[in-house]
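Open the model in your viewer and keep the selection tool at hand. The stops below run from a helix pair to a strand pair and then to some cysteines.

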Amino acid sequence: MASVWLVLVLWIFVNALIKVIQASSCAQIHTPASVVLAGSPVSVSCSIEDECPLTKGKDFRVAWKINNHFAPSNLSYQESNRTYGLIIPSLLDTDTFIQCAVCEGENCQIVNGVQVKARYPPPVPQNLSCSLNLTSKRFLCQWDPGQEMADLATKYTLHIFSVMSKKVLSYKYVIPVGKHFHLIPRESYPLLLKVEINVTAVNVLGNATSETLKLIPLETAMFDPPEINGIEADAVGCLNYSWSLGKSQQWLTIAISLELRLKTVNNRQNKELVVPFTKKPRSKLNVCDLFHGTNYSTTMRVKYSSLSKWSEWSEWSDPKIAATVMKAPSGSLDTWLKVDDQNAQLYWKPSENFRANGWNLFYTVESMEPKKILCVTQESHCFFNLIERVEKVYLRATNAAASSNHTEVPVYRNRGLGSVSCSSNVHPQSETSVEIEWGGTPTSLSVTGYVLEWRSLNEMPAAPLSFTLMDKNISSTILTGLRPYQPYEVSIYPKYDKGIGIPCTLVAYSIQKASSVAPVLNTREYSNERNGTIRGKQSLVVHQNLNGIEMMLFVIPACIGLSLLVFVVFACFGKHERVKMCLWPIIPDPANSSIKRWTTTDSMQGMPPFKEDKEPVLVYLSHFSLLDLDEKEPFKSDYVKENQWSHHIDSCDESHSSFQTCVRCDSELDRDSVPYATVLFDGPYQNHSSCPPPYVRSESTQPLLGADDPGSPPPYENVSPRGSVSKVQRFTAFPQNPTEENEELWEEFPMLRSLEITDTDHI
Amino acid sequence: MCVRSASQCYALLIASVSHSLSPPAAILVTLVGIVASAPISDKLDILNKDTIEQAHSLINKILEDAPKAHAAWINNKGLTLGDNTIRLQLNYLKSVIPSAPVLQNISNISSMETCLADMVKGLQLHLNLLNEIIKKLAQTDQVNVLKSEIQELHSLIKKLQKQAGFDPSKHAKDEQSQTLVHDLHKHLTTEFMIQVAAHLTLQQLQDFSCDVLCSFLSIRRMTSNMSMAENPKTVQLCINAAGL
């Protein structure tokens, strides 16, 4: 029952669909191909249906639109009664929309249309390559498809041809869409026979075939690294190798290309050489022209053929080390012998052609007359004693196998020969090299060559000496291997037939920079922190480019001369008074001075005029105290009430000019002043007692109190308040009748003269 | 098995793996050399040495790959390749598959021509047998590889025949072996028989390949300017297979 209903529903649907289609179609449009080759002609036909309402009973015409533009009328034609055609001579647009329209007058209605694409045949597949994986036995071929057209399907097919047993075996493989490689199955290719492989690309518009590869599949394979099974050294210094291919390729018996790479191990003359071969597996390989007594590390690699552009080298094999046989050292040694009395220093180094040919190399220095071994060392120098009659020494090198021939070293003791011109120039070349130039020697002597020696001056202990021998025609050379900012002592010795000449020595830096420390004024030439040649120093005299030595040699004599000149000048003109006053003003000796003398003009002679440019600063050197004995308080001998009085008497009134001394006892100002005297009054000081106050000298060390007795005055004495005053050794400041005694006292206390009290004076 | 002059053949094999020839082997080689007279050397000299090397390489490859194919194809511990006890015990069932040609010593041009023709025949036989058995026992990649190598060696020997100027069509087709191969399917009725047939085919292929190897070693020795370059692995395999 359900199936019946289903059929009924389907029948109704299909009928309705047909009717819909019939109602909408007014014309059928047809074109032979919706995709055409670009540039080719395109024809389209439009058949108007009889029942088309746009045409029934109407005068109509058919028009064509191409990409929304009406096509020229010359492109369209009427094929039959109701069939109309359009021919586009050459379609170039990639996508062209062609529409058929029924027009009544100017009113056109599109009734059908078609899209025609102009495309190209597929591009030729490029860069076809194949490679064989010996492990997986996969033979992979891949190519570059080029610019593909996304909306045009392109089919790729790989073809492989081989000729086996007179039969052409041909296989083709259709490549899945979107892939551009293929793994050719094992049964489709031989290992050692030639095959031909290509790829074709096909689309609706045509096909294209790649370049055909002609190759032997095995030649595209990358072999496993080979193995060096053994190395033998023969007597002539060659190494013989036995080797084999990797395990999975040991079935091969054909000759293949291989390379041996040899590197010296722990050898001064580092050498690497690569030797190519074409050999069958398990054959012997022979490499010669190697250094004797030298360890070589050997690796090898293989490929099918060096002539094949498809072959790839394998990885390098594991290295194997073997040594060539030793023989006696060969070649020559450069030597440099320096003799000073009986002390000889011999330096040597291998020349270009020297070969150690072995290991454990050591050197022997010996003399023949007398026969004596002077030195045996592994170093490159030797110091020994040399007696006068030895004219030659002999140097030979010995390794574990044998000794070399002797190198004869003449002993030159003649030193008084010509010298190299010291106009040497030093030209830094790089951070580690410097060019040294030197001048010629006197023409009367024929130079046979030069020896250049150099040594770093900064190394402790002293660095070994390096040297090089040069031809007589050379006047410059470049030293390399120097350390930057380090001084090197370089000496150039001329060599003559009969001996060595006097060298020229200089200091060279490969590169300089500012000194690390301030210069030290001494005559030492070399300082570790100089970092270069000091070319200028700020000094009293020198403001030009002088080196340290030249500057010191100029400054010292100049200073000495100047000092002598000054001395002479003063000696001649020193007695002139004005010179005296300018240079050394007369300062009175306080120990031999007195105030009296100061008051005379004589004592002012020799003193520079005093210019009172500013107010004098009062300095209170000493003070004297006024003491009233009428105080209720008992007199204390050791206490002078200076403060009591001082605070009240603090004015220096100019009206009281007799008071020439202003007694101020300001505790702050009088702190440093020295007590001069104490004046005792038996009544208030203001009362002008007729009894002259006694004066008691204070303990004082006043230096101005007279030269006769410059020492301290007698110690302070207590004086009784009454009646005893007269007993006190006193003096009066106010002599009623100036007597000679009073004059003497004033002389003793000159400053107290200012305390002269008269009736008219009020304190 | 290399029935013909087995001692000579295997003397060559033994000599090829040692670094220097042992005195007995040296004598045998000399004998071979004497017998191989001037005319055959002319034939051998015109052979392309690269072709000889390629063929020699492939026979080595077949000998290396046969055990791998056997291990991957036949899952039967009672059938071990190269086991001489099993070889003897299967003598009765051996008639199920046609025998391989027996290779002659190469002593003159005629024997050389016959030997090459028999190599071709034998290789084709084993190729046909494998193709027949594959219909019943699905091949593995290793069997596929082996077949390709047999096909390639077959092609190289035919190339040598052409280089030597031999006419391959002179030798009549071995119709008997063709019939037997065709009739093999009658015996492949049980899984056991299929496996036995596969084992016997590979065992015979291995033995035949050892004989081919012997022949190539002798060709190399007789060909001037061809140094010996032997794979010790395959030679040892053949010596073991011969029970030496």
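A helix crossing is left-handed if the near helix is turned anticlockwise from the far one by less than a right angle, and right-handed if clockwise. Keep that in mind for the first stop. Note also that this is a predicted model.

**Stop 1: two helices in chain B**

Select helix α4 (residues 49-73) of chain B and helix α9 (residues 191-222) of chain B. Their axes come within 10 Å and cross at roughly 160°. Angles over 145 degrees count as roughly antiparallel, so α4(B) is roughly antiparallel to α9(B). The crossing of α4(B) and α9(B) is left-handed. Now colour the contact of α4(B) with α9(B) by residue class: 17 are nonpolar, 6 polar and 2 charged.

**Stop 2: a disulfide that starts in α9(B)**

Stay on helix α9 of chain B and pick Cys210(B). Its disulfide partner is Cys238(B), with the sulfur atoms 2.1 Å apart. The torsion about this S-S bond is about -90°, so the disulfide is left-handed. Cys238(B) sits in helix α10 (residues 232-241) of chain B, and 28 residues separate the two cysteines. Both Cys210(B) and Cys238(B) are buried.

**Stop 3: a strand pair in chain A**

Move to strand β22 (residues 284-287) of chain A. Which of its side chains are buried? Leu285(A) and Val287(A) are, and they point to one face. Lys284(A) and Asn286(A) point to the other face and are not buried. Add strand β19 (residues 239-244) of chain A, which pairs with β22(A) in the antiparallel sense over 4 bridges. Look for Tyr241(A): its bridge partner in β22(A) is Leu285(A).

**Stop 4: disulfides in chain A**

Over all chains, the structure holds 7 disulfides. In chain A, number the bonded cysteines in sequence order and the pairing reads 1-3, 2-4, 5-6, 7-8, 9-10, 11-12.

Select Cys130(A) and Cys141(A), joined S to S at 2.0 Å. The torsion about their S-S bond is about 110°, so this disulfide is right-handed. Cys130(A) lies in strand β10 (residues 126-133) of chain A and Cys141(A) in strand β11 (residues 138-144) of chain A, 11 residues apart. Cys130(A) is buried at 5% relative accessible area. Cys141(A) is buried too, at 0%.

Next, take Cys375(A) and Cys382(A), a disulfide with sulfur atoms 1.8 Å apart. Their link is right-handed, with 135° about the S-S bond. Cys375(A) and Cys382(A) are both buried.

**Stop 5: two more cysteines**

Finish on Cys504(A) and Cys559(A). Buried or partly exposed? Cys504(A) is buried, with a relative accessible area of 1%. Cys559(A) is partly exposed, at 39%.

Notes. Residues numbered from 1 in each chain as written. Chains lettered and ligands numbered in written order. Predicted model: local features only at pLDDT ≥ 70, side-chain atom pairs only at ≥ 80, totals over all residues. Heavy atoms only, no water. Axes fitted to C-alpha atoms, helices over the stretch in contact; angles between N-to-C directions. Parallel < 35°, antiparallel > 145°, perpendicular 65-115°, else oblique. Nonpolar A, V, L, I, M, F, W, Y, C, P; charged D, E, K, R; others polar. Buried < 20%, exposed > 50% of the residue type's maximum accessible area, 1.4 Å probe, protein only. Pairing = 2+ DSSP bridges. Disulfide = S-S within 2.5 Å.
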